[in-house]
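Morning, everyone. I have one model to walk through today, so please pull it up and follow along.

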Amino acid sequence: MGVGRLMTTVLVAGATVSACGLAGGVTTHEASQHVEDVTSRMPPTTEPETSAPTISWSHCDDIDGALSLEWECASVPVPLDHDDPTGEQISIAVTRPVLEPGDDRAPLVMNPGGPGAQGVPLAWYLVDQLPFDLLDHFYPVGWDPRGVGRSVPAVDCGSFDLADHPDADECIAGTGPLLDELGAADAALDLENLRLALGVERLDYLGYSYGTALGAVYAMAYPEHVGRFVLDGAIDPDAGDAAGAGPVRGPPGYATDGIDDAIARFHELCDETIECAAGPDSATLVDDLRSSIAALPTTDFPGGPTHIDRLDLDDVLAGATFDPWSWPSVGDALRDAAAGNAATLAALLSYQRNGYPPMPVADDEALADAAAFFAISCADFSADIPPSGCDGMPRADPLPVIGAVDTPEPILVIGTEHDPATPGHLAGEMANALDDAVTVTWEGIGHTAFPVNHCVDDAVTTYLVDGTPPADGVLCAMVDGVRDGPDLAGHLFEYQGWWVEPLLVEVFVAEGASDRVATCMGRRLAGADHRIITHLLLGVRSVDVDAARAAATRSC
């Protein structure tokens with residue numbers, strides 16, 4: 001994310017939306033084999049302690065020096081093929097904060113999803129948002145699944161156009177036999193090796209999005225070693241059921257697409273408040289823009305793109321469903337375009353990709369993430385009719401259908417009502433499939449929910465710390481103390497000084513201002529006109545913005 005990122009409900013580091021985003025695929029394996037295929041391949045759970053993998057912590061390479069804690073890293077050996085636990089070994093990368101002598105906190109293993117997102121940087125960045133009471137009892141352990149990030153070997157599909165699929169032959173040549181053992185049915189079993197290496201009887205786990213699949217599969221395989229599991233942003237528990245695929249259920253994949261529902265929620269709330277510049281009929285405004293958007297100028301945003309088309313417009317709206325705190329700028333961008341200038345939409349499109357000021361992801365990192373996503377998706381849906389682009393990829397153990405578990409403590413499944421990637425209703429379906437589980441639903445917008453507000457945070461913290469699950473079916477308002485309708489709409493679309501000011505300061509520093517001048521300018525401009533704040537946050541230049549900036553600079 002860029003330095004001047006707008007507020008987000010959940011930072012899943014190292015991947016932002018891509019960390020949690022889910023792509024469609026094709027599931028075609030036989031559902032009757034799902035549990036047997038996984039559980040029959042488990043190594044014995046009664047092995048003596050001497051058989052546990054060792055873990056040796058050391059300084060992390062290539063770590064961000066701006067992190068709030070000192071971290072250490074390690075690798076844990078796991079079998080390439082869990083059918084042959086003493087055969088060829090690969091390694092998964094893990095990280096934790098440096099622990100002081102006598103620190104008796106328990107490890108909380110976490111994964112951001114993807115598939116293919118890196119869990120190591122998730123721990124580095126998410127720790128600053130976790131509740132203090134939780135950190136009094138747990139320290140975070142980030143985990144890169146097999147083939148991902150710092151794990152060895154990593155998926156390698158060579159160079160390819162990020163707008164297209166990798167070439168299967170390149171993936172096979174670069175990655176080798178790992179491709180046969182890459183899906184959730186294999187990666188989830190690595191958690192048992194990690195549990196043994198950490199030396200805990202039961203594993204405590206926080207998994208987001210695709211990470212809910214990994215956690216659920218582990219729970220089916222090793223229910224007796226499940227500690228307190230939080231699954232946030234559940235996939236469809238029947239995603240691996242070939243019998244459920246087809247025209248009735250829609251395009252098969254990890255989850256149904258919730259983007260249209262989340263966009264409808266944007267329009268509903270936009271039209272309920274004067275704070276949204278695109279109202280009072282924002283859906284019609286967008287429909288009208290589709291026919292004119294390609295002809296509108298974008299020159300007021302010097303960073304490009306140099307033009308916007310209707311597909312870009314759709315991308316902006318879809319991207320905004322992952323970050324409802326960007327909605328004030330979306331409303332202004334749509335109104336600017338309706339008035340004949342698409343520069344703010346161009347700036348939003350650029351911001352969603354690289355932040356502002358732009359901080360592009362390195363080409364090799366983007367390729368690695370995309371390759372891992374592709375290869376894992378192909379593995380999960382490896383069967384008679386592979387997902388688009390997966391022709392020629394090796395067969396792997398496909399994604400299991402999630403079934404009932406009998407764990408020492410119930411599992412907590414969290415859903416976000418208007419989640420564009422994993423719609424909130426899937427949390428109830430996942431809990432029903434697991435049977436020994438309870439749900440909390442956040443009545444919000446965006447992908448995943450924890451940490452987000454007191455209601456959700458208190459439910460998760462109480463469960464993890466005290467082992468007391470919330471009552472099944474708890475509903476948490478999107479914003480603490482704010483009612484639905486116009487009150488919520490006003491809260492979402494209004495720029496509030498307490499969070500706008502520090503973002504403006506970050507932007508001005510990144511643009512080259514000194515800390516002193518940036519702080520002064522941020523304080524003076526946080527109360528500026530709504531549209532001017534949007535343009536400042538996104539790097540749009542105009543006569544009004546230049547005048548406001550110049551006045552603030554003179555006074556500072």
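Let me start with a question: does Asp435 count as buried or exposed? Asp435 counts as exposed, because its relative accessibility is 57%, and the cut-off for exposed is over 50%. Find Asp435 in the loop between α15, residues 425-434, and β9, residues 437-445. Look at its backbone too. Asp435 is not a glycine, yet its phi is positive, about 75°. Most residues other than glycine have a negative phi.

Now move along to Thr448. Thr448 sits in the loop between β9 and α16, residues 454-466. Here again phi is positive in a residue other than glycine, near 75°. What about its accessibility? Thr448 counts as buried, because its relative accessibility is 0%. So one of these two positive-phi residues is exposed, and the other is buried.

Let me step back to the whole chain. This is a predicted model. The mean pLDDT is 88, and 87% of the residues reach 70 or more. Watch the start, though. Residues 1-50 have pLDDT below 50, and this stretch has 151 contacts in the model beyond near neighbours in sequence. Residues 245-252 also stay under 50, with 11 contacts beyond four places in sequence.

The chain has 556 residues, and 57% of them are buried. There are 21 helices and 10 strands. Take the contacts with a separation of 6 or more. Residues 24 or more positions apart account for 76% of those.

Next, the sheet. It is open, it has 10 strands, and the pairing is mixed. The order is β1-β2-β3-β5-β4-β6-β7-β8-β9-β10. Which strands are at the edges? They are β1, residues 58-59, and β10, residues 474-477, and each pairs on one side only. β1 pairs antiparallel with β2, residues 71-79, over 2 bridges. In that pairing His59 stands opposite Glu72.

Now β5. How many of its residues are buried? The count is 7 of 7. Both faces are covered. On one side you have Phe138, Pro140, Gly142 and Asp144. On the other you have Tyr139, Val141 and Trp143. β5 has β3 and β4 as its neighbours in the sheet order. With β3 the pairing is antiparallel, over 3 bridges, and Val94 has Trp143 as its bridge partner. With β4 the pairing is parallel, over 5 bridges. There, Leu108 stands opposite Pro140.

A helix lies over this part of the sheet. α7, residues 190-198, lies across β2, β3, β4, β5 and β6. Its angle to β2 is about 125°.

On to the helices. α10 covers residues 282-290, and its buried residues are Ser282, Leu285, Val286 and Leu289. Seen down the axis, these fall within an arc of 95°, so they line one face of the helix. What covers them? The cover includes α9, α11 and α12.

The loops around α10 deserve a look as well. Most peptide bonds are trans. Gly279 and Pro280, however, are joined by a cis peptide bond, with omega about 5°. Pro280 lies in the loop between α9 and α10. A cis bond also joins Gly304 and Pro305, with omega about 10°. Pro305 lies in the loop between α10 and α11.

From α12, go to α13, residues 343-354. These two helices pack at about 140°, with axes 7 Å apart. α12 brings Ser329, Val330, Ala333, Leu334, Asp336 and Ala337 to the contact, and α13 brings Thr344, Leu345 and Leu348. By type, that is 6 nonpolar, 2 polar and 1 charged.

One last residue: Ser382. Ser382 is in the loop between α14, residues 363-380, and β8, residues 411-418. Is it buried or exposed? Ser382 is buried, because its relative accessible area is 8% and the cut-off is under 20%. Leaving aside neighbours within four places in sequence, Ser382 contacts Pro394, Arg395, Ala396 and Pro398.

That's my tour. Thanks.

Note on methods. Residues are numbered from 1 along each chain as its sequence is written. This is a predicted model: local features need pLDDT of at least 70, side-chain atom pairs count only at pLDDT 80 or more; totals for chains, interfaces and linings use all residues. Side-chain values use heavy atoms; hydrogens and water are left out. pLDDT is the predictor's confidence in each residue, from 0 to 100. Contact means heavy atoms within 4.5 Å. Buried means under 20% relative accessible area, exposed over 50%, partly exposed in between (1.4 Å probe, protein chains only). Helices (H or I, at least four residues) and strands (E, at least two) are DSSP runs, numbered from the N terminus. The arc is that of the directions from the helix axis to the C-beta atoms. Two strands pair if DSSP finds at least two bridges between them. Axes are lines fitted to C-alpha atoms, for helices over the stretch in contact, and angles run from 0 to 180 degrees between N-to-C directions. Ala, Val, Leu, Ile, Met, Phe, Trp, Tyr, Cys and Pro count as nonpolar, Asp, Glu, Lys and Arg as charged, and the others, Gly among them, as polar.
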